[in-house]
Structure formats: C-alpha cells, structure tokens
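Hi,

Here is the structure I promised to pass on. Have a look at it first, and my notes on a helix and a pocket follow underneath.

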Amino acid sequence: MSLALTYAFIFILAMFLGLELIRRVPAQLHTPLMSGSNAISGISIIGAMSLAVVGDGGMLTTILASAAVGFAAVNVVGGYLVTDRMLAMFQAGKKRDAKKGGA
Amino acid sequence: MGALAVILFLCSGVAFIVGLKLLAKPETARKGNAVSALGMLAAIVGTVVQIIGERGESFSIESLTWIGIGLGIGALVGVPAARFVKMTAMPEMVALFNGFGGVASLLIGWAQMQQALEIRSGANANIAESETGTHLVDVLSAVGGGNGHFVAATIVAAILIGGVTFSGSIIAFAKLAGKISSKPVVYKGQHLVNAGLLLLAVACGVAFAWNPGLFPVVYLVIPIAMALGVAAVISIGGGDMPVVISLLNSYSGLAACAAGFAVGSELLIITGALVGASGLILTRIMCLAMNRSLANVLFSGFGSGAPAATSSGEPGEKRDANVLSPEQAYYILEAAQSVIIVPGYGMAVAQAQHAVKELTQLLAANGTEVRFAIHPVAGRMPGHMNVLLAEADVPYEQLVEPDDVNPSMETVDVAIVIGANDVVNPAALTDEASPIFGMPIVEVHRARQVFTLKRSMGSGYAGIENPLFFLDNNAMILGDAKQTVNALVDAFKAD
C-alpha cells in the first residue's frame, strides 16, 4: 500500500506544480501551449515501450503495447513539430517588426 | 544501467518542468518547446536503457522490433501531419492528437492487464485447476509495483479516462472538421444515460479492483468508455469547442497519469499531471471568458434550444438592418482615424486572414490606426485567432484584448466584425434573459460605426439573435468574408 500512497503523493504535488507553472499564460500562447502539452502527454510512450518488449507477456501484449507506442509517437513527433512551426511564425513576425522599427 | 536510466528520467522530468515554464512566456516559448522535446528524447533513451538493464545477458535487440515499428509508423504519420496541416485546421488537429494520447493510455492499461494474465497462466501451467483470482492480484502487484488491488483500479482508470478522451476527441475532431454537424445533440434523459454509463464503468472498475479474478469486466469498460466519450461531447455545440478541447487536453494528461500508476512509472505520473494541470488552466480561462461554469458548458446542451424568445424588441416585430456594399463601406473606412477589427470563427472558415492583413496595411498606409480586438473564446480553440493572424504576419503589437479597447470604444471610428457574432452581442450586457447574459464582450456597439461582415442574417451558433445588427450605427456587409475584404482592398487600391 505504501507504494500506492507514494504515487498519489507524487501525483498531487505534480498537479500543484503544473498549476503554478502556467498560471498566467498570454492568449497568444494558448494554442502553442495546448499543442505543446499535447506532445508532452505523449510521455505515455515510455509506459508503452516497456510493455511492448517481445517475450515478456505474450504476443497480444506486445501488439497492444506497440500500437500504443505508435499512437503516442504521433503525439510526440507531430506535437513538437507543429508547436515549433507555430512558434516560429510568431517569432518571424516579431523579428521583422524589430527590423522595421530600426530602419 | 539502472542508475543511468533513473538519471535520464530525472533529467527528463526537469526538462518538462523547465520547458513548460518557458513555453508560457512569449519570448522563450520556442526554446521551451525544444527543451521539452529533449526531455522526451531523454525519457525514450532512458526507457531503452532500463529495458536492456533489466534483462541483462538475456537481452536481444530483436525483442525491441515491435517498439521500433511503432516508433517508425508514429513518426511517419506525425511528421507530415505537423508539416502540412493548415493553420485554419489546427483545432481539429489538436483534437485528433488529444485522442491519440487517450487511446495510447487505454492500450497501455489493456496491455498491462494482458501481460498479467499471460504471466499468471504461465505460472499456473504446472498447477492443475488452481484458484485463479488471488494469483492475478499477486501478478498485478509484481508487474505494476505496489498493491495488486490498487494496480487493478489504475488499469481501469487508464482505460476509462483514455477511452473517454479518445472517442470524445474523435467527435470533437469530426465536429471541427465539419464531418458532422457542430450543433449539440440533446435528447430526453441524456444526463441519466450518461450518468448510468459512468456508474456502470465505475462498478466494473470496483469489481475488478476488489477481485481481479473478475477480469472479463475490464473488456466491458472499453466500449462503455467509448460510448461515454461520444455521449459527452455530442451534446456540446461548436461554439463551446474551446472549452471542450482544453478539457480533453487535460484528460489526455490524466489518462497518461493513470497509465503511469498502472505500470509504476513516476515520470509518467509527474508528466501526465503537468499536462492535466495545464489543460485545466486553459479550461478555466475559457470558462471565465464566457462567464459560464464548466458544468454549464458540459451539461446544458447550450445552443440546442429554440432561439431565446425574449430578445429585445417585441416578438414578431420586423426590424431592418442597414446593409452596405463594400464600395460604400470603403468611403467611411477611408476617412476613419481609428479602426478595430474583431475576428471570429467566420474569418477562419473563409480563410480571410491574409486578405484582412492586406486591408490593415492599406489602412495603415492611409494613416489609420488599426488594432485587432481578440476575444479569448473567438474561434474554436484557445488562441485560434492569434495563430491565424500570426500566419498572416499580423504584428503582435496590433493584437489587443477586449479590456484594452472597451474603455475607449467611443473614440473608435469604425469597428469591423469579421465572422464573429456572440462575442460582440450587446445582449450579453443588457438582456438578463439572454443565454449569454454576463459574458464579457467586445463592446463594438459603442463605436461610432460598426461594419458586420457576415454570410447571411442568420443568428450565431447559439441561435441567439444579435441586437447589434439592428442598431443605427451598424451596417451589414453580407457575403463571403474573404470576398468582402478583397473588395475593400480593391477599392483602396483603385483610389
């Protein structure tokens, strides 16, 4: 039981940490924050990987878990790239304005 | 090897925390995303190190084949999706990705149970007709780490939350992509059905946690969770999608968290909780922007009813709105000193952002001050308008929030409403009977002149009539937003 309690302990602290981290986020960043945190939720990939090792729990386990690896990988790869693409757009706009201001 | 894996996991967790912190500030957001991506890489490498370390001599590279296939397919789908998705299609893409996160957690929960079943049947192979239930508890305890009943409960939680997130996100995706109607679907006894489904799923979970020997009930949880996700999102209208997407975002994190409990991974628990919290914050921001409670958004079937009968004016009274052609509007715009543009979902649908940007440049060249007033829930996801305008290279300095412009609205010569409706509806301020009463709006009705670009005279998503259209200082410019804006641009150029 103590391990379950430890996990619950970690979970609750992490929730509060998360709430504190992004308390004030400007509207401009709402979408990138969402797609970025989406990529982070792809962290389930590590749980999926550890279950997908062949030979531990039979073939069905491996198939289910590697499907999970695939879905989570789409999340990770797609999520980070699309967030970067969006943020690059914001930055491109900023740089050009700065140049204009200097000219 | 074990220590190395733990160090990598620790680095990964720190990178996610630092990355999220940086991601919430405009100057550092891009760096934050990169830091968090590095954290993900560390987590994946750490997992491989852990797998190798745990198996020692018996490790073979072939045992990782399926992981490689999964990673490869995921990357093959993810890269082009991220590269080629149109910015106007971002809401449905985010919805779909949320769904993928959900289904991954569901599959992890299922795989974890499957693994326990396999191990148990392996252990019981030599013992004839042994008592099975108690054994599964022990196996679950061994594979998940911790109390077997607790592991069983978290497996069901991962499947339930993951399944709801998955099917709910697919419905949200279909609504946003226009594959199904974005109108809320409501029927009698809906809440009863939803509550019944949830209770049934929880009952299955309790049964399985109580006695894991009853494992077949878990297979029942999968379809129930799917049905619950569909039922929950189908009753929510298109205009409330910013809340739904934020909430599903949060769920995808919590599902990962549950999967972390089930497989005994601290990093998964922490990271899932971070995502869950960030989704909750966005959900709260969206709810505040609409002045509605989360419960009201989720359960009211908002916008499904008949248009509010008590909008200002006598029922049945015929009122006429002023209608202008783009050419007529041009003469007013040309003389304007100060212009505010209020974009909404209609601008995204018409893909008018580039034309709008060109118009603002011509206005600026004409000596007019131009600002965009962005309502937090304009569009279909948090920050939707910001992304579209950034794509069109609109300078960030031109974007302001409703609170920044409302106090000085009387000094604005022209307010141009492009495909927005409810976020400029003055009934939210004056008409207590209006369903959106109390929602903060962009108060364009106090500007000297309002142009409303709209496809037709129909009401907004909520079916609420907009008294703004009938005010003396408002003029409708009917037609496709992009064509209308282009006509204005042409008029400026012809001058």
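Gln483(B), Lys493(B) and Ala494(B) are exposed on one side of helix H18(B). Please bear in mind that this is a predicted model.

On the other side of H18(B) from those residues, the picture is reversed: Ala481(B), Thr484(B), Val485(B), Leu488(B), Val489(B), Ala491(B) and Phe492(B) are buried. These buried residues sit on the same side of the helix because they cover an arc of only 160° around its axis. What lies over them? The cover includes helices H12 (326–334), H13 (345–350) and H14 (353–365) of chain B, along with strands E5 (414–418), E6 (449–454) and E7 (474–478) of that chain.

As for the helix itself, H18 runs over residues 481–494 of chain B, 14 residues in total. Its first and last C-alpha atoms are 20 Å apart, close to the 20 Å expected at 1.5 Å a residue. At the start of H18(B), Asp480(B) brings a side-chain oxygen to within 3.1 Å of the backbone nitrogen of Lys482(B).

I also looked at the second largest pocket, which holds about 690 Å³ of space. Its lining is made up of 29 residues, and nearest the centre are Phe9(B), Gln50(B), Val263(B), Gly264(B) and Ser265(B). Which helix gives the largest share of that lining? That is H1(B), with six residues. Helices that each supply at least two lining residues include H3 (44–52) of chain A, as well as H2 (29–55), H4 (90–124), H5 (133–144) and H10 (266–290) of chain B.

Best wishes

Technical notes: Residues are numbered from 1 along each chain as its sequence is written. Chains are lettered from A and ligands numbered from 1 in the order in which they are written. This is a predicted model: local features need pLDDT of at least 70, side-chain atom pairs count only at pLDDT 80 or more; totals for chains, interfaces and linings use all residues. Side-chain values use heavy atoms; hydrogens and water are left out. Helices (H or I, at least four residues) and strands (E, at least two) are DSSP runs, numbered from the N terminus. The expected span of a helix is 1.5 Å times one less than its number of residues. Buried means under 20% relative accessible area, exposed over 50%, partly exposed in between (1.4 Å probe, protein chains only). The arc is that of the directions from the helix axis to the C-beta atoms. Contact means heavy atoms within 4.5 Å. A polar contact is a pair of N or O atoms within 3.5 Å; within protein, one must be able to donate a hydrogen and the other to accept it, and residues adjacent in sequence count only if both atoms are side-chain atoms. On a 1 Å grid over the protein atoms alone, a cavity is a set of points where a 1.4 Å probe fits but cannot get out, and a pocket is an open set with protein on both sides within 12 Å along at least five of seven lines; lining residues have an atom within 4 Å of a point. Grid points are joined across faces, edges and corners, and a volume is the space filled by probe spheres set on the points.
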